[in-house]
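Me: I would like a close look at one part of this model, namely the charged side chains that pair with one another. Please set them in the context of the whole chain.

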Amino acid sequence: MLITPMAQNTALPVLPIDGRRHIILAVSGGSDSTALLHLAARQCRALSNPPELTAVTVDHRLRTGSAAEARTVAEVCAALGVRHRTLVWDGPKPASGIQDAARNARRNLIAAAAGEAGADVVFTGHTFDDQLETVAMRQKRGSGPGLAGIAPASFVFNDAGAGQPVPFTRPLLGASHQALRVFLNGLGVEWIDDPSNDNNAFERVAVRHELLELREEQRVALACLQQKAAHERNDASGCIAKVLQDHAFAVAPGLIRLDNSLAEIAEADALPALRTVMAFSAGVPFAAATAHATEALSAWRLTTAGAWS
């Protein structure tokens, strides 16, 4: 999703619900996800054959009152006629990196719930502001594909769905946090403010406060940087898809055979495709390290074996 910097983020988006059978809405009770819930319910009411909606709330059990917050979301959903489920993150919690761990747990729990329900898509409430925060955080770590920020859609694999990928879509990426709050205020709807959102000990919160101090032209520059990186990521993904289409063959679920001709094409084209296949075969969400793929490609080119898979 390519967003004209600071131009589209005051408008409320039309959610891509047409043609869907069953949509999972990730609703924490905060303003962004509450707006997502109300937008989805409103659009469905206008359809003669609307998709089924199920809102899911993850209780991370990290704060006193989190269970009560989940019950509040359930009450809101009941008033809207939307089915609701509360998912609980049980077990021990890490002493550090708690926000990343909670994010991963939340994603996996929601993906499993989608698989159990047979839903065809998950909608999350990520906004334009989340996008800028992500890019600003990654900019501090250097350049690269990460500057493309949050993807408009991605796949999450889950065990409950027999290993089938669940598409997570972020239809609010073009909307600002403020525009969504104005929408809710117009409806007279309240939301839950998570106190951790004011804790500067968390990197994202600290960056969020830094962004509030930026001049408008600085925010525009950051948005332009994200768009440029997103264009580059889209182009790179297209190249990888073309290489795999020409040189990769599915032998069995989880097993990919690579034609020897892949080892003969330019390294700049072969390596990204090889990194992708290695990640897929290993069942990990990120491309394999360039060094590992380079080593594998070099070894492959030295052998005269018929095929490498």
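Reply: What follows begins with the chain as a whole, turns to the salt bridges, and ends with a few single residues.

This is a predicted model, in which local features need pLDDT of at least 70 and side-chain atom pairs count only at pLDDT 80 or more, whereas totals for chains, interfaces and linings use all residues. Residues are numbered from 1 along each chain as its sequence is written, and side-chain values use heavy atoms, with hydrogens and water left out.

The chain has nine helices and eight strands, where helices (H or I, at least four residues) and strands (E, at least two) are DSSP runs numbered from the N terminus. Its radius of gyration is 21 Å, close to the 19 Å that the globule rule gives for 309 residues, so the chain is as compact as a globular protein of that length; this radius is taken over C-alpha atoms, and the rule is 2.2 Å times the number of residues to the power 0.38. Taken along the principal axes, the C-alpha atoms fill a box of roughly 70 × 45 × 45 Å. Buried residues make up 39% of the 309 residues, where buried means under 20% relative accessible area, exposed over 50%, and partly exposed in between (1.4 Å probe, protein chains only). Of the contacts between residues at least 6 apart in sequence, 69% join residues at least 24 apart, a contact being heavy atoms within 4.5 Å.

As for charge, the chain carries 28 positive and 31 negative side chains, and the centres of the two sets lie 2 Å apart. Here Lys and Arg count as positive and Asp and Glu as negative, while His and the chain ends are not counted; the place of a charge is NZ of Lys, CZ of Arg, CG of Asp or CD of Glu. A salt bridge is a side-chain nitrogen of Lys or Arg within 4 Å of a carboxyl oxygen of Asp or Glu, and by this rule the count comes to 16.

One of these salt bridges joins the side chains of Glu 116 and Arg 85, at 3.2 Å from N to O. Glu 116 lies in helix 3 (residues 98-117) and Arg 85 in strand 3 (residues 83-88), so the pair ties together parts that are 31 residues apart in sequence. Glu 116 counts as exposed at 54% relative accessibility, whereas Arg 85 is partly exposed, with a relative accessible area of 33%.

In another pair, Asp 193 forms a salt bridge with Arg 181, and their closest N and O atoms are 3.1 Å apart. Because Asp 193 lies in the loop between helix 5 (177-187) and helix 6 (203-212) while Arg 181 lies in helix 5, the pair ties together parts that are 12 residues apart in sequence. Asp 193 is exposed at 51% relative accessibility, and Arg 181 is partly exposed at 21%.

Glu 267 and Arg 301 also form a salt bridge, with 3.4 Å between the closest N and O atoms. Glu 267 belongs to helix 8 (residues 267-282) and Arg 301 to helix 9 (residues 290-302), so this pair ties together parts that are 34 residues apart in sequence. Both partners count as partly exposed, Glu 267 at 38% relative accessibility and Arg 301 at 37%. Beyond such pairs, salt bridges that share partners join Arg 63, Glu 69 and Asp 194 into one network.

Some single residues complete the picture. Arg 61, in the loop between strand 2 (52-59) and helix 2 (66-80), has a phi near 55°, a positive value in a residue other than glycine.

Gln 131, which is found in helix 4 (residues 128-139), counts as buried at 2% relative accessibility. Leaving aside its neighbours within four places in sequence, Gln 131 is in contact with Ala 148, Gly 149, Ile 150, Leu 173 and Gln 226. Gly 149 sits in the loop between helix 4 and strand 5 (153-157) and is likewise buried, with a relative accessible area of 4%. Not counting residues up to four places away in sequence, Gly 149 touches Gln 131, Thr 134, Val 135, Arg 138 and Arg 233. Its C-alpha atom is separated by 15 Å from that of Pro 171, 22 residues away along the chain.
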